[in-house]
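Please walk me through this structure, taking one part after another and explaining how the parts relate to each other.

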Amino acid sequence: MFQEIKITELKENPFDLIGKQWLLVTAGKEDGSCNTMTASWGGLGVMWGKDVAFIVIRPQRYTKEFIDSSNTLSLSILPEGHKEEYGYLGRVSGRDEDKIKKTGLTVLRDSETPYFEEAKLVLICEKLFAQPYAPESFLDQEIIEKWYPDKDFHTMYICEIKKILVKES
């Protein structure tokens with residue numbers, strides 16, 4: 001069972017949440033299907049007077065199709081002990097198999113937005129902005145050499161955090 005909290009009640013460190021604990025980026029299509037992927041890059045902040053999450057998705061990721069076809073997405077943080085599931089969901093494509101079913105995670109929905117019953121924290125987000133990274137925008141060209149040898153630049157999405165759900169203990 002989840003309880004909705006105000007953003008000011010969020011006590012988690014975003015650097016720890018995203019960079020160390022990781023998260024699942026999940027979106028659905030009109031036909032009811034959904035897909036998820038593991039992310040360890042992104043951020044939380046304020047933009048245009050709104051509380052937002054920043055996420056980045058590479059063009060070849062199957063989840064990108066779901067994000068692009070929906071106005072909303074969720075960011076789910078699982079409790080400790082789920083690194084194996086995170087690794088699998090980040091490594092295997094939903095094009096090839098039903099990876100959500102294979103991990104045993106349970107999809108719930110907030111209206112049309114899918115998220116996971118097993119999560120300890122969920123951010124329900126509405127997309128506000130999407131833009132592919134452009135090579136000429138990188139001021140430090142070593143970033144391109146290190147992170148984009150195949151020139152598969154991420155698309156950055158800025159999403160308003162509409163709701164925060166925490167697992168009741």
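In this predicted model, the side chain of Thr-103 has a polar atom that lies 2.8 Å from the backbone oxygen of Ile-100. Thr-103 belongs to helix α4, which covers residues 99-103. With a relative accessible area of 17%, Thr-103 counts as buried, because the cut-off for that class is under 20%. Leaving aside residues up to four places away in sequence, Thr-103 touches Glu-85, Tyr-88 and Leu-89.

From the helix we can turn to strand β6, which spans residues 72-77 and is mostly covered, since six of its six residues are buried. In a regular strand the side chains alternate between the two faces of the sheet. In β6 both faces are covered, with Thr-72, Ser-74 and Ser-76 buried on one side and Leu-73, Leu-75 and Ile-77 buried on the other.

Strand β6 also has partners. Strand β2, made of residues 23-28, runs antiparallel to β6 and is joined to it by three bridges, and in this pairing Leu-24 stands opposite Ser-76. Strand β9, made of residues 121-132, is likewise antiparallel to β6, with six bridges joining the two, and here Leu-73 stands opposite Cys-125.

The next topic is the empty space inside the model. Rolling a probe the size of a water molecule over the atoms shows where empty space is left. The count comes to one cavity of 30 Å³ or more, and the largest cavity has a volume of about 50 Å³. Its lining consists of Leu-10, Leu-17, Ile-18, Leu-23, Leu-44, Leu-75, Ile-77 and Leu-123, and the elements that give two or more residues to this lining are α1 (14-21) and β6. By class, the lining of the largest cavity has eight nonpolar residues, with no polar and no charged ones.

There is open space to consider as well, and the largest pocket has a volume of about 300 Å³. This pocket is lined by 14 residues, of which Thr-38, Ala-39, Ser-40, Trp-41 and His-154 lie nearest its centre. Two or more lining residues come from each of β3 (34-39), β5 (50-57) and α3 (83-91), and the largest share, three residues, comes from β3. In the lining of the largest pocket, eight residues are nonpolar, four are polar and two are charged.

Methods:
Residues numbered from 1 in each chain as written. Predicted model: local features only at pLDDT ≥ 70, side-chain atom pairs only at ≥ 80, totals over all residues. Heavy atoms only, no water. Buried < 20%, exposed > 50% of the residue type's maximum accessible area, 1.4 Å probe, protein only. Helix = DSSP H or I, 4+ residues; strand = E, 2+ residues; numbered from the N terminus. Pairing = 2+ DSSP bridges. 1 Å grid on protein atoms, 1.4 Å probe; cavity = no way out; pocket = protein on both sides within 12 Å on 5 of 7 lines; lining within 4 Å. Points joined across faces, edges and corners; volume = space filled by probe spheres on them. Nonpolar A, V, L, I, M, F, W, Y, C, P; charged D, E, K, R; others polar. Polar contact = N/O pair within 3.5 Å; in protein donor to acceptor, adjacent residues only side chain to side chain. Contact = heavy atoms within 4.5 Å.
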